[in-house]
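Biologist: Please take one site in this model and examine it closely, beginning with a single residue and working outwards to its surroundings. I should like a connected account rather than a list.

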Amino acid sequence: MCAARCELSTSTYASRFPLPRRRVSAIFPCLFIPSIAVIFSAAPLFAQRSVYIEDLTWPEVQQAIQSGKTSAIIYTGSTEQNGPHMAIGKHNFIARWVAGAIAIKLGDALVYPTLPFAPTGDAVKRTAHMRFPGSVSLTAQTYRSVVHDVALSAIDAGFRNVFIMGDHGDGQDVLGAVAKELDAHQRGSGVRVFYVPDLYFREKQQAHAYEASHGLPTHDVHAGTDDTSELMALDAQHRWIRADKLAPSEGAQTARTGVDGDPTKASAALGDIFIRYKIDDAVAQIRQLLGTRR
């Protein structure tokens, strides 16, 4: 019985989101899949549409909110170098997919377009990722202003809960500050704005613990085992990973390669595990935050 439900729900999900079916099955085990089947098979037609706001018309967004999709997810990515082996859009590809999975698991959320830029270094002094062509960096103030205005737009649209999270390390403090500021201003009107740090920090802790317990490299800072594995799990068409460029790098080598870790130990199977951590951590924290909503 469970297998039948899983087959129905994974095929339905895969038709709406660009992930290979074997990856969907791995990331959404049978325990979770039936809830997706319920969402897509028993809900009204408009609820079966994409959870991504960019795919919808304004009347569809309005109808969704009026019918109970009162939570908005704002998930920021980053456009930054990821070594010779991995595409610059890594964070954005992961963020969009994970945000959609979180929204489906929550059942009452829609996803705003992924913000593709974040603080990644100084563009004038060419520090951090900005040493490498293709990277884009926002100042902390610009980043704050954009996230603030996107969240304010979600509130204006009628969402009652706004959840802010990010896939990139730099700027996490900015996301938290924006959420705190907006929440203080809006909660009197019944609107809450929350920062969801577990998606990034807790997942990193879990991924590194998993690596350590399985004899994998524990020095895994950037574009190493965990980052590369997550993108491998989504890269069924082999567009984003250059397998012939995988090489470990740390210390003095990092300034030349941009890699600080060992991507040669990465795999799609590891990526499935780490992506599930992100989804589960975010959903658990969001539900906890909603439990304190008053």
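**Thr76, Asp167 and their surroundings**

Modeller: Thr76 has a relative accessibility of 0% and therefore counts as buried. The model is a predicted one, and what follows describes that prediction. Thr76 belongs to strand 1, which covers residues 71-76. Its side chain engages the side chain of Tyr143 in a polar contact of 2.8 Å. If residues up to four places away in sequence are set aside, Thr76 touches Ala95, Thr114, Leu115, Tyr143, Val147, Met165, Gly166, Asp167 and Leu175.

One of these neighbours, Asp167, deserves separate attention. Asp167 sits in the loop that connects strand 3 (161-166) to helix 7 (172-186). With a relative accessible area of 2%, Asp167 is buried. Two polar contacts of its side chain can be described. The side chain of Tyr75 is reached at 2.5 Å, and the side chain of His91 at 2.8 Å. Beyond four places in sequence, the residues that Asp167 touches are Tyr75, Thr76, His91, Ile94, Ala95, Gln172, Leu199, Tyr200 and Lys278. Ala95 thus appears in the contact list of Thr76 and again in that of Asp167.

The nonpolar surroundings come next. Met165, a neighbour of Thr76, is one of the residues that touch the most other members of the largest nonpolar core, together with Ile73, Val98, Ile102, Phe159, Val162 and Ile164. That core has 64 residues. Helix 5 (residues 90-106) provides its largest share, 10 residues. In soluble globular proteins, nonpolar side chains tend to be buried together. Ile73 illustrates how such a member is surrounded. Apart from neighbours within four places in sequence, Ile73 is in contact with Ala99, Ile102, Ala103, Leu106, Ala109, Leu110, Val111, Tyr112, Phe163 and Met165. Met165 therefore links the two accounts, as a contact of Ile73 and a contact of Thr76, with a place among the core members named above.

Helix 4, which spans residues 58-66, has Glu60, Val61, Ala64 and Ile65 as buried residues. These four residues cover an arc of only 135° around the axis, which places them on the same side of helix 4. Trp58 and Gln66, on the other side of helix 4, are exposed. The packing partners of the buried residues in helix 4 are strand 2 (109-111) and helix 6 (140-157). Gly68 follows helix 4 and has a positive phi, near 120°.

Charged pairs complete the picture. Side chains of opposite charge can pair when their charged atoms come close. The count of salt bridges comes to 14. One of them joins Asp281 to Arg202, with the closest N and O atoms 3.4 Å apart. Because Asp281 lies in helix 11 (residues 268-291) and Arg202 in helix 8 (residues 201-213), this pair ties together parts that are 79 residues apart in sequence. The two partners fall into separate accessibility classes. Asp281, at 7% relative accessibility, counts as buried, whereas Arg202, at 40%, counts as partly exposed.

Helix 8 also takes part in a second bridge, between Asp226 and Lys204, in which the closest N and O atoms are 3.0 Å apart. Asp226 lies in helix 9 (residues 225-234) and Lys204 in helix 8, so parts 22 residues apart in sequence are tied together. Here both Asp226 and Lys204 are buried. This pair belongs to a network of salt bridges that links Lys90, Lys204, Asp226 and Asp227. A further bridge connects the side chains of Lys265 and Asp262, at 3.1 Å from N to O. Lys265 is partly exposed, with a relative accessible area of 40%, while Asp262, at 10%, counts as buried.

These details may be placed against the chain as a whole. The chain contains 11 helices and four strands, and 53% of its 294 residues are buried. Of the contacts between residues at least 6 apart in sequence, 74% join residues at least 24 apart. The chain exposes about 12,800 Å², of which carbon and sulfur atoms supply 56%.

How values were computed
Residues numbered from 1 in each chain as written. Predicted model: local features only at pLDDT ≥ 70, side-chain atom pairs only at ≥ 80, totals over all residues. Heavy atoms only, no water. Core = buried A, V, L, I, M, F, W, Y, C linked by side-chain atoms within 4.5 Å. Buried < 20%, exposed > 50% of the residue type's maximum accessible area, 1.4 Å probe, protein only. Helix = DSSP H or I, 4+ residues; strand = E, 2+ residues; numbered from the N terminus. Contact = heavy atoms within 4.5 Å. Areas by Shrake-Rupley, 256 points an atom, 1.4 Å probe, with all protein chains shown as cover. Salt bridge = Lys/Arg side-chain N within 4 Å of Asp/Glu carboxyl O. Arc of directions from axis to C-beta. Polar contact = N/O pair within 3.5 Å; in protein donor to acceptor, adjacent residues only side chain to side chain.
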